[in-house]
Amino acid sequence: MDKVLFGDNQFFAVSHMSDEKSRQQAIRFKDDNSIINVLDQARCVGINTFMCTTHERISNICDHIRANKEKYEGYKIYPCMPYAHKFANAVTEYGYIGTIKKYIPGNLLGSFAKGGLAFVRKDFISLMELLVDAEMKMFKGIDTPVIFLQNVLVDLILGLKMITVFKEYDHYIRKRYNAEPGYITMNMPAMYDALSSVGINNPIICSSINKLGFRMSGGKEIYEKYLAEKQFRPIAMQVLAAGALKPKEAIEYLGKLPRIESVLFGASSRNHIQETKELIEKYMA
Amino acid sequence: MKLKGGVIGLGKMGISHAAIVGTHPSVDLVAVCDTTSIVLDVFKKFSNIRLYHDYIKMFENENLDFVVIATPTRLHYPMVKYALNKKVNVLCEKPFCMNSIEGSELEQLAVKNGLINQVSYHNQFIGTFRELKRLIKSGVIGELVHFTGEAYGNVITDEKGGTWRSDPKEGGGCLFDYASHVINLVQEIIGRPVRANGTLRKKILSKGVDDAVYSMLTLENGLSGVLMVNWCDQTYRKMSTSLTIQGKKGKIICDATEIKIYLHEPQIREGLDKGWTIKYITDLAIPVNFYLRGEEYSAQIDHFIECIAQKKQTEINSFEQALYTDKVIEMIIKDSKLQNNG
């Protein structure tokens with residue numbers, strides 16, 4: 001994985017610090033071109049991996065990348081699925097079965113070998129595979145070497161102790177997409193233990209890691225202990241603690257945790273992108 | 001010895017409560033109950049938790065210390081009553097009941113049986129709203145003049161939707177589901193509403209229930225303010241709840257992520273400058289051991305478990321407080337009928 005991964009929260013009005021900032025972002029990134037421009041600015045400073053949710057607007061970005069193959073030679077996307085709010089809202093509005101019907105394309109469900117929805121009810125692994133395929137459709141023809149499960153789903157499965165689901169996911173991503181599975185979580189130590197318990201070794205785990213201990217469940221100390229002692233491939237996110245930390249202070253802290261393989265961050269301006277990337281290169285070489 | 005817990009209702013909230021309860025170090029989640037077979041099938045395949053279709057059977061077979069009830073609102077009354085009669089402590093989803101007659105009976109029964117009772121108004125466990133409550137109590141903005149309580153979100157996005165949330169007989173609709181959160185915040189942070197006026201309940205996309213509620217509330221301390229709630233506003237990515245409180249010495253705007261304080265004069269004791277001071281959730285969030293969708297969901301369960309362990313009734317989100325929120329909902333419904341639009 002590259003040292004620096006470019007995130008997408010800023011494009012979709014996700015601010016963990018301010019609802020007002022969210023609205024400003026929604027206004028600024030109304031057009032897909034405004035997103036593409038920022039991605040191109042990040043590419044100019046050498047950031048060639050875009051880690052993004054399976055938000056419906058990402059499919060337009062994918063269309064653009066496919067239409068400009070030469071320009072995006074070597075460009076990688078790390079999809080993160082599912083886009084949680086899409087599903088959570090759908091469950092509220094349509095119920096579980098209604099949600100499955102809505103998000104698995106009719107032809108996929110209809111052609112499902114052993115009889116559509118009735119069969120899905122009993123075969124959750126096939127259902128999971130169908131949902132993964134439905135989410136992955138938009139990335140066809142694009143290099144997606146790591147495919148992540150989003151934190152809401154990861155942490156739900158983790159809390160319910162349905163750990164074998166991770167094993168099935170791991171297996172399917174490797175087999176079907178020839179890619180490395182990744183896991184986003186707000187509970188990194190517990191997630192590491194869970195994956196170890198089902199024999200998933202050296203996993204890619206993306207979690208909040210910041211000097212403030214923000215969204216580091218159980219506290220910063222246990223995170224630091226796992227980062228020092230356990231064998232996995234950590235990605236640090238929320239490194240600025242939703243903007244509460246200054247970039248220099250934030251990245252300097254990460255520099256003390258040498259096992260961190262990559263840093264995920266998003267920004268909207270070229271200056272911010274460049275500044276953060278240079279800090280990462282300076283302190284985390 | 002660990003406490004034995006159960007969860008009834010495995011919809012969006014129930015399944016999230018189950019995951020949080022399941023990770024609590026002092027608890028064994030021993031049983032879950034739902035009528036939807038697809039959900040129970042998932043549990044059957046991937047977990048060792050005992051499963052029930054019928055909550056009465058669950059109470060009869062399991063020796064539970066507590067239960068989390070996250071079913072449609074209409075079912076809260078019979079289920080909570082059954083649990084209380086079985087001497088089981090209860091954390092119930094919001095809103096509490098369909099009407100205050102049911103709620104009063106449950107509240108009295110919980111007190112009579114000496115059981116820990118809590119309702120899941122999770123905003124009370126968000127750091128910013130707690131800080132707002134503290135600041136209002138300490139009087140930083142002086143005598144209060146006006147408030148606005150708002151919640152917006154995009155739960156209902158088309159005219160076709162059809163779960164219990166769009167059925168008034170089940171306790172669906174924006175007033176019960178969304179506005180209850182704001183009413184509860186106003187009630188606990190500023191003061192208890194005693195009157196609703198000028199209520200408008202509007203249908204936007206739903207057929208049987210309101211999608212937006214606007215009402216003028218007068219509190220027991222005489223202060224008046226406005227409630228504005230809409231759950232089919234697509235400009236919001238997720239539910240956004242906020243309170244704006246105007247005082248004679250300043251103003252505070254608070255939501256789940258930040259609290260913005262404007263003061264006419266500095267408040268040395270609070271370390272607040274003249275003009276704007278912004279405090280963020282990054283400094284105010286309640287630390288938790290397990291995170292799913294927000295610290296507040298874990299914090300409220302941690303609090304409930306701690307109350308059971310210490311045999312001490314909660315001061316946050318008790319049945320009595322939630323019952324009062326139900327009473328305000330009734331005031332709003334009654335006023336909307338008077339306005340001839342309910």
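In this predicted model, a hairpin of two residues leads from strand 12 of chain B into strand 13 of chain B, and this turn is a convenient place to begin reading the structure. Strand 13, which covers residues 258-263, pairs with strand 12 in the antiparallel sense, and five bridges link the two. One of the pairings can be followed residue by residue, since Gly250(B) has Leu263(B) as its bridge partner in strand 13 of chain B.

Going back along chain B, strand 12 (residues 250-255) is also paired with strand 11 (residues 240-247), again in the antiparallel sense, and here there are six bridges. Another hairpin of two residues joins strand 11 to strand 12 of chain B, and on the paired strands Thr244(B) is matched with Ile253(B), its bridge partner in strand 12. When looking at such strands, it helps to remember that in a regular strand the side chains alternate between the two faces of the sheet.

From here we can turn to the place where the two chains meet. The size of an interface is often given as the accessible area lost when the parts come together; for chain B and chain A this buried area is about 4,000 Å², with 59% of it on carbon and sulfur atoms. In chain B, the residues that lose the most area to chain A are Phe46(B), Arg237(B) and Tyr291(B), which together account for 20% of what that side buries. The contact involves 46 residues from chain B and 46 residues from chain A.

Between chain B and chain A there is one salt bridge, formed by Arg215(A) and Glu295(B), whose closest N and O atoms are 2.6 Å apart. Five residue pairs are in polar contact between the two chains, counting pairs with both residues at pLDDT 80 or more. On the side of chain B that touches chain A, helix 1 (12-23), helix 2 (37-46), strand 13 and helix 8 (281-284) each supply at least two residues, and helix 2 gives the largest share, eight residues. Sorted by class, that side of chain B has 18 nonpolar, 15 polar and 13 charged residues.

A single residue can close the tour: is Ile156(B) buried or exposed? Ile156(B) lies in the loop between strand 7 (144-152) and helix 7 (174-189) of chain B, and because its relative accessible area is 8%, which is under the 20% cut-off, it counts as buried. Leaving aside residues up to four places away in sequence, Ile156(B) touches Glu93(A) as well as Leu205(B), Ser206(B), Asp211(B), Trp231(B) and Cys232(B).

Terms used: Residues numbered from 1 in each chain as written. Chains lettered and ligands numbered in written order. Predicted model: local features only at pLDDT ≥ 70, side-chain atom pairs only at ≥ 80, totals over all residues. Heavy atoms only, no water. Pairing = 2+ DSSP bridges. Helix = DSSP H or I, 4+ residues; strand = E, 2+ residues; numbered from the N terminus. Contact = heavy atoms within 4.5 Å. Buried area = accessible area lost by both parts, 1.4 Å probe. Salt bridge = Lys/Arg side-chain N within 4 Å of Asp/Glu carboxyl O. Polar contact = N/O pair within 3.5 Å; in protein donor to acceptor, adjacent residues only side chain to side chain. Nonpolar A, V, L, I, M, F, W, Y, C, P; charged D, E, K, R; others polar. Buried < 20%, exposed > 50% of the residue type's maximum accessible area, 1.4 Å probe, protein only.
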